[in-house]
2 protein chains.
Amino acid sequence: MKPLLHPSIEDVTVEGILHALSDPVRVAIYAQIAASSCPQTCSDFLVVTDKEIPKSTLSQHFKTLREAGLIRSERQGVEMRNLSRCLEIEGRFPGLLPGILKAHQIQLGEAARRTKRPA
Amino acid sequence: MKPLLHPSIEDVTVEGILHALSDPVRVAIYAQIAASSCPQTCSDFLVVTDKEIPKSTLSQHFKTLREAGLIRSERQGVEMRNLSRCLEIEGRFPGLLPGILKAHQIQLGEAARRTKRPA
DNA sequence: TCCCGTAGTTCAGAAATAACGAACTATTGA
DNA sequence: TCAATAGTTCGTTATTTCTGAACTACGGGA
């Protein structure tokens, strides 16, 4: 099995980051990894946004996030620990990730309000 | 010909914005429209990032930006004037676009420095 | 040591999306 | 009315994404 690919921080591109986070499932995954202090496994996300995700699809999503430079994945025994590279990215592109995550939060809040008080 | 579609600001999504700006050509177009005080036409972008873009492709790129809510396109005589909706978006997702545009600028600056002093 | 269970990756075919040339529509000016 | 300019739409081709099935990797018993 090929070793996992982690781009060095200077190879990370804005387009790559935006593409990785332009998918609702991936941005939800990334937001949780970035918000959590302890690393998250893939299996923590078999259900995202009330939707079941096949594990092969999930694996591809993690690959996309990893190769965009957003997360670092390390094998820890039988499972894979994923943690955010937000500090590195903040050093290179200050404000980018906070802006995206904040916007994501706002959108989540609006959706919650809509379902709570429907019309 | 169908009238152009402009989503109302509450229908604009973070994912849509990120997807629209995850393409190098589109982010370059949008950055120029956002930076310029006067509206820009499609034809201003037949060459972007030193690459010729076929006009049908260009038209699709503008459609993507438009339907993501990033720009407003208005016919003015024979041409189409495009202007940024950044104020509206800033009202809904504060910091999102500035963060992305700033990161884009940083990346442009690095690329320029690399080609000026190669190796 | 040899299975077995769990966690995740890889592969391959199908489905969805994007690119672009050719044909079309809309507007202006001669 | 005709020609020229600016963009859009359509249809085909190319690329990307999704997902089930098969596979790899590691850990823990018997």
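A residue counts as exposed when its relative accessible area is over 50%, and as buried when that value is under 20%. Keep those cut-offs handy for this tour of a predicted model.

**Stop one: a charged patch on chain A**

Select Arg117(A). Buried or exposed? With a relative accessible area of 62%, Arg117(A) is exposed, because the cut-off for that word is over 50%. To find its place along the chain, go to the segment after α5 (96–116) of chain A. Now add Arg113(A), Arg114(A) and Lys116(A) to your selection: together with Arg117(A), they form a positive surface patch.

**Stop two: rings in chain A**

Time for some aromatics. How many aromatic pairs are there over all chains? The count comes to two. Select Phe45(A) and Phe62(A) to see one of them: the ring centres are 5.9 Å apart and the planes sit at 55 degrees, so this pair is tilted. An angle from 30 to 60 degrees is what earns that label.

Next, colour the surroundings. Phe45(A) is in the loop between α2 (24–35) and β1 (47–48) of chain A, while Phe62(A) belongs to helix α3 (residues 55–67), so the pair ties together parts 17 residues apart in sequence. Switch on a surface and bear in mind that both Phe45(A) and Phe62(A) are buried.

**Stop three: rings in chain B**

Hop over to chain B and pick Phe45(B) and Phe62(B). Their aromatic pair is tilted, with 5.9 Å from centre to centre and 55 degrees between the planes. Phe45(B) lies in the loop between α2 (24–35) and β1 (47–48) of chain B and Phe62(B) in helix α3 (residues 55–67), so parts 17 residues apart in sequence are tied together by this pair. Phe45(B) and Phe62(B) are each buried.

Notes. Residues numbered from 1 in each chain as written. Chains lettered and ligands numbered in written order. Predicted model: local features only at pLDDT ≥ 70, side-chain atom pairs only at ≥ 80, totals over all residues. Heavy atoms only, no water. Patch = residues over 30% accessible without salt bridge, like charges linked within 9 Å, V, L, I, M, F, W, Y side chains within 5 Å. Areas by Shrake-Rupley, 256 points an atom, 1.4 Å probe, with all protein chains shown as cover. Salt bridge = Lys/Arg side-chain N within 4 Å of Asp/Glu carboxyl O. Lys, Arg positive; Asp, Glu negative; His and termini not counted. Charge placed at Lys NZ, Arg CZ, Asp CG, Glu CD. Helix = DSSP H or I, 4+ residues; strand = E, 2+ residues; numbered from the N terminus. Buried < 20%, exposed > 50% of the residue type's maximum accessible area, 1.4 Å probe, protein only. Phe/Tyr/Trp six-rings, centres within 6.5 Å; stacked < 30°, edge-to-face > 60°.
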